[in-house]
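Reader: I've got the model open and I'd like a close look at one part rather than a quick tour. Could you take me slowly through the strands and hairpins, and then work outwards to the side chains and helices?

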Amino acid sequence: MGDIGAGSRRSGTEDLDQAAATFESVRPRLFGIAYRILSSSTEAEDLLQDVWLRWQAYDRDTVTDPAAFLATVTTRLAINALQSARVRRETYIGPWLPEPVATGDDPHLGAERGEALGFAVLLLLERLTPTERAAYVLREAFDYPYRQIAEIIETSEVAVRQLVSRARKHIASGRRAPVSRAEQRRLLTAFVVAARSGDLAALEELLAADVVSYSDGGGAVRASRIPVVGAFRVAKYVRAFADRFWAGVEVEWADVNGQAAALLSRDGEPFTVLTVNASGEGIDQVLWLMNPAKIAALS
């Protein structure tokens, strides 16, 4: 991706306060774009700092549409950042899961719709190329016209339509029809109750036959370094550590990535964000987000 900041110079006519006000007015959307492409609120925040520095130094008198300009800078930097992030994630210890972000106050993270925000879709987006992912996010979450997406990612409109089409097919083929938010919350609540008591039969009843349990500890805490697959195996796995895992645990309910999650704390310190993805067949995925660096913001 080209460097949109190349050859820029500081504007002498627009003061910095106006530049900051313009940036802040579109910041929620910029964060929404960056987070959906990177699956990391920390990396998204760092990227927006870079966008702000470029905007601050740019000759802003030459920009006719600041919102479009800033979205372009954000997307191009995010595509480059994702390419580097994927190299790092290849050496990640254990399963890698998206960094959770609280959505109780801002359910759509600056988007007109909540698409490409839930964990199920974010995990599927990891399998796309960075450019496919960016095109899908801009179209599906923010409803950008194909022509504008083509300008942002520097390709043809025909190519953008192909990128979005491929991404849609991949998402559709990799995901069953999700349950409603209310049903997802009910299943999560029932799972927490069954997991806490170590009720093997109740756990199996909640789980889809091919359920997968992912534990993201990042090597910083004890967590399973391989996914656990299948209803019986996941139920046995959860029951096996019930006594020591749930001892003294306080459960707080939160809205994370547009879905219900359980924030688990011990002695007032959050140590796990637990959520599930589910379809008509039951819970398809159990996600244990335990890496302290990833859940720090939620605490």
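Author: Two strands pair if DSSP finds at least two bridges between them. The elements are DSSP runs numbered from the N terminus: helices are H or I with at least four residues, strands E with at least two. This is a predicted model, so local features need pLDDT of at least 70 and side-chain atom pairs pLDDT 80 or more, while totals for chains, interfaces and linings use all residues. Residues count from 1 along each chain as its sequence is written, and side-chain values use heavy atoms, with hydrogens and water left out.

Let's start at strand β4, residues 259–266. Seven of its eight residues are buried, so this strand is mostly covered (buried is under 20% relative accessible area, exposed over 50%, partly exposed in between, with a 1.4 Å probe and protein chains only). On one side, β4 runs antiparallel to strand β3 (residues 249–256), with eight bridges joining the two. Pick out Ala262 in β4 and you'll find that Trp253 is its bridge partner. Ala262 also stands opposite Leu274 in β5. Strand β5 covers residues 269–279, runs antiparallel to β4 and is joined to β4 by five bridges.

Now for the turns. The hairpin of β3 and β4 has two residues between its strands, and Asn257 there takes a positive phi near 55 degrees. In the hairpin of β4 and β5, again with two residues between the strands, Asp267 has a positive phi near 55 degrees. If you click on both backbones, those are the spots to check.

Strand β1 is worth a stop too. Ser213 sits in this strand, which spans residues 207–216, and at 1% relative accessible area Ser213 is buried. Setting aside neighbours within four places in sequence, Ser213 is in contact (heavy atoms within 4.5 Å) with Pro227, Val228, Val234, Tyr237, Val286 and Trp288.

Two of those names, Tyr237 and Trp288, turn up again among the rings. Ring pairs link them with Phe191, Phe241, Phe245, Trp246 and Phe271 into a cluster. A pair here means that ring centres of Phe, Tyr or Trp (its six-membered ring) lie within 6.5 Å; planes under 30 degrees apart are stacked, over 60 edge-to-face, and the rest tilted.

The structure holds eleven aromatic pairs. Take Trp55 and Phe69: their ring centres are 5.6 Å apart and their planes are at 45 degrees, so this pair is tilted. Trp55 is in helix α2 (residues 41–57) and Phe69 in helix α3 (residues 66–89), so the pair ties together parts that are 14 residues apart in sequence. Trp55 is buried at 1% relative accessible area, and Phe69, at 12%, counts as buried as well. Back in the cluster, Phe245 and Trp246 have ring centres 5.2 Å apart and planes at 75 degrees, which makes the pair edge-to-face. Phe245 is buried at 11% relative accessibility, and Trp246 is buried at 3%.

Helices α2 and α3 also meet through charge. By the rule of a Lys or Arg side-chain nitrogen within 4 Å of an Asp or Glu carboxyl oxygen, the count comes to 18 salt bridges. One of them joins the side chains of Arg88 and Glu43, at 3.3 Å from N to O. Arg88 is in α3 and Glu43 in α2, 45 residues apart, so to speak a link between distant parts of the chain. Arg88 is partly exposed at 48% relative accessible area, and Glu43 is partly exposed at 25%.

Glu126 makes a salt bridge with Arg89, with the closest N and O atoms 3.1 Å apart. Glu126 lies in the loop between α4 (119–125) and α5 (130–141), while Arg89 is in α3, so the pair ties together parts 37 residues apart in sequence. Glu126 is buried at 18% relative accessible area, and Arg89 is buried at 14%. Through shared partners, salt bridges join Glu43, Arg88, Arg89, Glu126 and Arg133 into one network.

Last stop: helix α6, residues 146–153. Six of its eight residues are buried, so α6 is mostly covered. Those residues are Tyr146, Gln148, Ile149, Ala150, Ile152 and Ile153. Their cover includes α3, α5 and α7 (157–174). Right after α6 comes Glu154, with a positive phi near 60 degrees.
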